[in-house]
Amino acid sequence: MKFIGLDIGTTSISGLVYDLEQRTVLHTLSDEGGNTPTGSAEWERLQDPERIILQVEDILEQLVSWEPDVSGIGLTGQMHGILYINRNGQHVSPLYTWQDGRGGLPCDASLSYAQKLSESTGYPVAPGYGLATHYYNLMHDLVPNAASSFCTIADYVALRLAGCNVPRIDATQAAAIGCYSFLLNDFDRTALAEAGIDPKVLPPVVPSGTVVGLTSHGIPVYTSLGDNQASFLGSVPAPDRSLLLNIGTGSQLSVLLPEGMEQVDGMEMRPYPGGGVLMVGAALSGGKSYALLEHFFRQIIEAYTGEAAEEVYSIMDRLLQDNPAGSQGLTVHSQFLGTRTNPETRGSIEGISLDNFTPGKLAHAFLEGMVDELHVFYTALGMKTGRTYDYIVGSGNALRANTVLCAKVRSAFRLPFSLSSSQEEAAVGAALCAAVGSGYLSSFREAGKYITLEQSNQTCEVEISSKDKLRLMDKYGLSAPEPRESVAPLISDAEQAGRAQIPFTQSADSMESGSRLIPVLPGQSIGPLRLGMTEAEIAKAAADFPIFYKVEYNGAGSAVFIEIANPGEEWTCSFAGIDLFATMAEKLAVILDPLSPYERNPAETGCTYTFPQLGLTLWRSDALSEADLLTEEYLSLPPDIYEDEKRLLYFESVSVFVLLKEVNDETDAL
């Protein structure tokens, strides 16, 4: 079965034919016809809908001529923007794109129009969101008299292709317009009415993959998906176990979570087709950070030679390869465009020394800063949910063009990493949405079976520094969770029982591509060993757990303390996305201390770190530091002994224990 996917981007439009049986793209077309958003005011960004329609029709005509037996057409495209249409299904306004800034203009002395609408409805609505744009237009009598409704550009294209006059929109696009209620699965029409917006102008919200109508060729057209959700659908084979990292002009980390998930501060919740929520952490600079460094190098070359220089990315690639040791302490905070929660934040370069301030090390530091921006979302997500993941899927031009950046992603996240096989991930997702809508696929979860990945075998010997994670979390508005509830996994006991077996029954392929995983949930469990189990239950659970462990029991025979020793490099012992045995002890203590201040016991300083509010203890036999290794005492040691001593930079055992409050509660009950 073959389906067409169309992606209505801001500066280009692409279309493809996807063959589900072969799991591959058969044909791809793209039109970068210069339909750049323009406007008469500095803050205005408009596009011509009719020009977009003509571009889409040309692409569609060509694709159908190549593959006349296609079974459906799915769409995606730029989110947030809107255009007004009349009762005949024709546009009566330009497309107000997501870049349009009228919603950010002052509404009164203290609030913008977007802020005013947010305050009135109780829903966060940012400038560029369709309802912020409509609210401004409403207040300034700019809504066309003939307008009966508005919709996104992708849903307008679907309407025109199908010859309909009433737009239909799914939850992924509705949420991007603003004031969407997960509880109602609809716009909060009551809240909008109270804010002075007539709910009749809102398009009806229908299930993802709903058929809109038929083209003149008799091909079914389906409702569009938001481009973020479409990219996830078109990239990720195992959606419940994978992270999606997109690094292009900007960058995003996206994970699929169950419905009912609480908000993670600093991240955005978006509806996912077929159920669930996509939790998205977005860094504004992304690939622009590396482009900034390229521009800096180019200016130096031009100043030295007196001649205009072409792009110097190839030179930067050589600098990266010639400096395999990485940044060596040089740190770049790449928030050059601010963050969504702190727009005024700016980037910085720190840790400059006489040895590391070189072009090659600076290039490494910029890439590491880009990865750190995304890894902080992963850390916050793990702290909030306790969930672990098995794979990272990468997409975006920056990752495809830079193997060193891919290696740094793998090194920071310590998970198997592969690029999505198609460069037009969103259009593939749109085609899969059509396949679900047609009934050929039974569900959106099944769509992952029809996705393939590129194999990536790049390696990186440089460990990404985590010393600034806490400051990054502050910049992104990511708060540390409450001690107990935050680490409880938001999955059922049955699902937890099933997932507990995953790390110890991995396929040979996954074992070759990365370490086997032992999830640690402080105050709860290590791998399959759970606090509260009896000795017999522990023995049964540990049957396929070939790691040395120790358990202590209370008078009732329930496990109250579980400890494991460092199992070696082939295992990853992970809490909140942090490898507890592969992160230096001093750095790990700094990362975890804000969650639960460790007990300051002078006799144990540097060796034992107990986090009483988490139910976690980390131990090593000697408090060795990196500075110690540079002293004459250690430098004079034989090389083999010196290397053996370095293991004391890391913890040797991890243990979880029942929280004191729970023990007291049990005592009180007795």
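Let me begin with a term I will lean on throughout: a residue is called buried when its relative accessible area is under 20%, exposed when that area is over 50%, and partly exposed in between. By that cut-off Lys2, at 19% relative accessibility, counts as buried, and I will come back to Lys2 in a moment.

What we have on the screen is a predicted model, and I would like to start with its confidence. The mean pLDDT of the protein chain is 83, with 87% of the residues reaching 70 or more. Confidence is lowest in helix α16, residues 508-513, where the mean is 32, and it is highest in strand β6, residues 83-85, where the mean is 97. Over residues 479-514 the pLDDT stays under 50, and for this stretch the model has 70 contacts beyond four places in sequence. There is also the stretch of residues 662-670, again with pLDDT below 50, which has three contacts in the model beyond its near neighbours in sequence.

Now to the interior. The largest nonpolar core has 46 residues, and the ones with the most contacts inside it are Leu243, Tyr290 and Phe413. The element that gives the most to this core is helix α10, residues 359-385, which supplies 13 residues. A second core, separate from that one, has 37 residues, including Ala559, Trp571, Leu595 and Leu618.

If we stay with Leu243 and set aside residues up to four places away in sequence, its contacts include Tyr378, Tyr389, Ile392, Phe413 and Leu415, and also Ser254 and Val255. Ile392 leads us on to Ser418, since the C-alpha atoms of Ser418 and Ile392 are separated by 6.6 Å although the two residues are 26 apart along the chain. Ser418 itself is found in strand β21, residues 417-419, and is buried, with a relative accessible area of 13%.

Let me turn to the charged side chains. How many salt bridges does a search of the whole structure find? The search finds 16, and I will go through three of them.

In the salt bridge of Lys2 and Asp69, the side chains meet at 3.7 Å, N to O. Lys2 lies in strand β1, residues 2-8, and Asp69 in the loop between α1 and β5, so this pair ties together parts that are 67 residues apart in sequence. The two ends are not covered alike: Lys2 is buried at 19%, whereas Asp69, at 46% relative accessibility, is partly exposed.

The next pair is Glu262 and Lys384, whose side chains meet at 3.5 Å, N to O. This pair also links distant parts of the chain, with Glu262 in the loop between β15 and β16 and Lys384 in helix α10, 122 residues apart. Glu262 is partly exposed, with a relative accessible area of 48%, and Lys384 counts as partly exposed too, at 25%.

The remaining pair I want to mention is Arg647 and Glu652, which meet at 3.7 Å, N to O, and here Arg647 is partly exposed at 44% relative accessibility. Going back to the beginning of the chain, salt bridges that share partners join Lys2, Glu67 and Asp69 into one network.

What, then, of Asp155, a residue of helix α4, residues 153-162? Asp155 is buried yet has no salt bridge, and the nearest side chain of opposite charge, that of Arg168, is 9.5 Å away. Arg168 is nevertheless among the residues in contact with Asp155 once neighbours within four places in sequence are left aside, the others being Ile169, Gln173, Thr223 and Ser224.

I will finish with strand β26, residues 559-565, which is mostly covered, five of its seven residues being buried. Strand β25, residues 549-553, runs antiparallel to β26 and is joined to it by five bridges, in one of which Val551 has Ile562 as its partner. The hairpin of β25 and β26 has five residues between the strands, and within that hairpin Gly557 takes a positive phi near 85°. Strand β31, residues 653-657, likewise runs antiparallel to β26, with five bridges joining the two, and there Glu563 stands opposite Ser655.

Conventions:
Residues numbered from 1 in each chain as written. Predicted model: local features only at pLDDT ≥ 70, side-chain atom pairs only at ≥ 80, totals over all residues. Heavy atoms only, no water. Core = buried A, V, L, I, M, F, W, Y, C linked by side-chain atoms within 4.5 Å. Buried < 20%, exposed > 50% of the residue type's maximum accessible area, 1.4 Å probe, protein only. Helix = DSSP H or I, 4+ residues; strand = E, 2+ residues; numbered from the N terminus. Contact = heavy atoms within 4.5 Å. Salt bridge = Lys/Arg side-chain N within 4 Å of Asp/Glu carboxyl O. pLDDT = per-residue confidence, 0-100. Lys, Arg positive; Asp, Glu negative; His and termini not counted. Pairing = 2+ DSSP bridges.
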